[in-house]
Amino acid sequence: MSNDSIVVDGVTKNFTLRYHRTIKQITIAALRRQQISDTFPAVDDVTFSVEQGESVGLMGLNGSGKSTLLKLINGVMRPDAGKVQTRGRIAGLIATGAGFHPQLTGRENVFLNAAILGMSEAETNRKFDQIVEFADIGRFLETPVGHYSSGMFSRLGFAVAVHTESDIFLIDEVLAVGDRPFKKKCMARMEEIRKEGRTMFYVSHAAASVRKMCERVLVLEKGRLVFDGDVDEGIRYLQYDDDDNESVEEEDLDEELGADI
Amino acid sequence: MSTQSEHQPATSAANGASADGSVGQPVRVVDAPLAAPFSSAGLVDVFRRRYLLRLLVRKEISARYQGSLLGLLWSYVQPLVRFCMYFFVIGLVLGLHKNVPNFAIHMFSALVAVHYFTETFSNGTRSIVRNRSLVRKMAMPREMFPVSSCIVSAINSFPQLLILFVACVAVGWSPDAEAILAGILGIAIVTVLGVALALLFSAMNVFFRDFQNIVATFQLFTHWIVPMIYPYSKLAESSLGSGWFYYLYMSNPLTVAVLLVERCFWVPTALGQGTDPKIPADQSQVGFPVMPDHLMSLGWFMLFASLVILVLCQLAFRRLEGKFAERL
Ligand SMILES: Nc1ncnc2c1ncn2[C@@H]1O[C@H](COP(=O)(O)OP(=O)(O)OP(=O)(O)O)[C@@H](O)[C@H]1O
Ligand SMILES: [Mg+2]
C-alpha cells in the first residue's frame, strides 16, 4: 500500500479578473468592444505527491499561487482541472489568519473553529485549556475577535489549529505577525508536530525557517511548479540565499530564532 | 464522504524508522482513504455534523441581535405590527371580513406560516455572504449556513405558533385528525421550500449581491399572493376564481401550505361558529370556512414538488459552490 498523504494530479485553478462590475460598466465595455473579463491560471498544471510524515516547504514570489494551492489542498477551493486527494484530517492556517467570525468572542470562535476542523464537543473541552494557554491572550478571550490585534488573531487561530488531531498540517506564513516569544513557541510546537509524523506543508519566504523545518522544497513560479527537491537547492533556485551584506545579520537572527520574515 | 466528519481520526503512530530512513521519526499510519478534501454529500453531510450545526445556530441567534436591547423580542415586533395593521385596515376600515368567522385566527395562522417562510428565505439568502470569513478559509459543507438560517427561523417562529395555539384553544379549537395532518404537511412544505430557495439564492448572492434585493422585493408580494388577508372563498368567488389565473394561484406551493395551516387552526374553530356546529355539509351558508376540494392530496403533491425543487436547488448549489471562496 502506498503511503501517500497528499496527491495533487495535474491541478489547474483559473481565476477571473473582472474589470467591470455593474450592468452599466459591462454595457459600455461591450459597446467599446473591450474585454469584459480575463482569466488566468493561478495554479497551472501542478503535479506532485507527498508521503505521510513528510514535511514540505512551499516557496515562491508573491502572487505565485502558494496560498491558492493550499486552499485547493484543504478543500476550500475546487480545482478547475485535475484532482486533489488527501488522506486524513487537515488542519492549519491559510493566508495569515484563521476562519474566525468577527462578531463572536474568542471563546466562541475556538469552539466553532474546532468543530469545523472536525473536533467533537468533548474533544474541544478537553483541549480548551491547552489552547487558551498556548494562545495566551488573557482576558481578550471574551471579547469579539473583530477587535483583536492581528497578532492576537493569528495566535488564537494557530493555537486551535495546532491542537487539532490532524494528519496533515498546513501553515501559510502565519508567523509573520507574531511577536518573538510566540514565534519561538510556534517553531517548537511545529517541530513537535513534525516528530509526531504528521504531514506538514509549510509556506514561507524565510529561507532559514524552511531549511530548519523541511526536508523537501517545492517552488512555484506564476502558478507552475518549477522545482521539486532538496531544500538547499530549492532555496538556491529561488536565489533567496545570495544575501547582500545588510540582510546577512537579519538572516542570522532569523536562523537562530527560526523565524519567518 | 467527508474526511473531516466528527470522529476521532483513525490514526496510530508507531515508533520506528520512516520510509526514507531517518531514524527516530515515528511512522504515522493514517487509516483513512485517499479522498477529495471537500465533502460532496451536501445536505446529508449537514445532518451528519449536528454538533457544528448546533454551534452555527447558536452563533446566528446571538449574532442577529448583537448590540440590541430588546434582542430576540424584535422577532415578534414585526409580525405583531403587521398583524395589527392588516387587522385594522382590512377588517375595520375596509370591512372585508364581516362574513369571515374568527378572522383574526385566519390571518394569524397564515401569518405564522408566511413569516417563517420569509425569514428562512431572506436570512438564508444572505447567510453565505454574511459568513464569508468562515467560507473563505475553512472547508465545510456550505449548506450548513442556509440550513442553520432555517432552524433559527423555526426557533423564532415557535413562540408565535404557541400564541396561535393558545388563541385557538380559547375560541374553542377541536381539531380532527385531518386538521393535525394538514398542519404538519403545511409546515413541512414551507420548510422544504424555504430551504430550497435559500440554498439557490444564497449561492447566487455570492456572485451578485443583487439577489438579496430581489428576494427583498419578492417579499413584498408574499403577503398578497396567499390567502392571508383575504379568505380563500373571496378569491374563489371573484372573477379570477376560475380559469388560468386560479390554476396559477393554486400552483404556488406556498398558497397550498398556507391553506393547510388554516385548515389546521382556523377551520376547526370556524366550523363551530355556525348556528349548528354539526353542519359542515352546507357550503352555501354564510361564514362557512371554504377550502379547496382535495386539499390534502394537493398538499401531498406540493410536498413532493417541493422536495423535487430542493434536489434541483441542491444540485445548483453544488455547481456554484466551487467558486465561493474566490468570489467572496
Ligand atoms: N479570489 C481571487 N480572485 C482573483 N484572483 C485571485 C484571487 N485570489 C488570488 N488571486 C490571484 O492569484 C494569484 C496567486 O495568489 P496567491 O494568494 O495564491 O499568491 P501567494 O503565492 O500566496 O502570494 P503571497 O506570497 O503574497 O502570499 C495572485 O496573482 C492573485 O492576485
Ligand atoms: Mg499567500
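**Exercise 1.** Classify Asp232(A) by its relative accessibility in this predicted model, and identify the residue with which Asp232(A) forms a salt bridge.

*Solution.* Step 1: Asp232(A) has a relative accessibility of 34%. Buried would require under 20% and exposed over 50%, so Asp232(A) counts as partly exposed.
Step 2: The salt-bridge partner is Arg211(A), with the closest N and O atoms 3.0 Å apart.
Step 3: Arg211(A) belongs to helix α7 of chain A and Asp232(A) to helix α8 (residues 231-238) of chain A; the two residues lie 21 residues apart, and their pair links distant parts of the chain.
Step 4: Arg211(A), at a relative accessible area of 31%, is also partly exposed.

**Exercise 2.** Determine whether Glu143(B) and Arg318(B), which form a salt bridge, are buried or exposed, and place the pair in chain B.

*Solution.* Step 1: The closest N and O atoms of Glu143(B) and Arg318(B) are 3.1 Å apart.
Step 2: Glu143(B) is in the loop between α5 (132-135) and α6 (144-170), whereas Arg318(B) is in helix α12 (residues 295-321), 175 residues away.
Step 3: The relative accessibility of Glu143(B) is 0% and that of Arg318(B) is 16%. Both values are under 20%, so both residues are buried.
Step 4: Salt bridges with shared partners join this pair with Arg78(A), Arg142(B) and Glu321(B) in one network.

**Exercise 3.** Locate His205(A) and list polar contacts of its side chain.

*Solution.* Step 1: His205(A) sits in the loop between β7 (199-203) and α7 (207-213) of chain A.
Step 2: A polar atom of the His205(A) side chain lies 3.4 Å from the backbone oxygen of Gly60(A). The side chain of Asn62(A) makes a polar contact with that of His205(A) at 3.5 Å.

Key
Residues are numbered from 1 along each chain as its sequence is written. Chains are lettered from A and ligands numbered from 1 in the order in which they are written. This is a predicted model: local features need pLDDT of at least 70, side-chain atom pairs count only at pLDDT 80 or more; totals for chains, interfaces and linings use all residues. Side-chain values use heavy atoms; hydrogens and water are left out. Helices (H or I, at least four residues) and strands (E, at least two) are DSSP runs, numbered from the N terminus. A polar contact is a pair of N or O atoms within 3.5 Å; within protein, one must be able to donate a hydrogen and the other to accept it, and residues adjacent in sequence count only if both atoms are side-chain atoms. A salt bridge is a side-chain nitrogen of Lys or Arg within 4 Å of a carboxyl oxygen of Asp or Glu. Buried means under 20% relative accessible area, exposed over 50%, partly exposed in between (1.4 Å probe, protein chains only).
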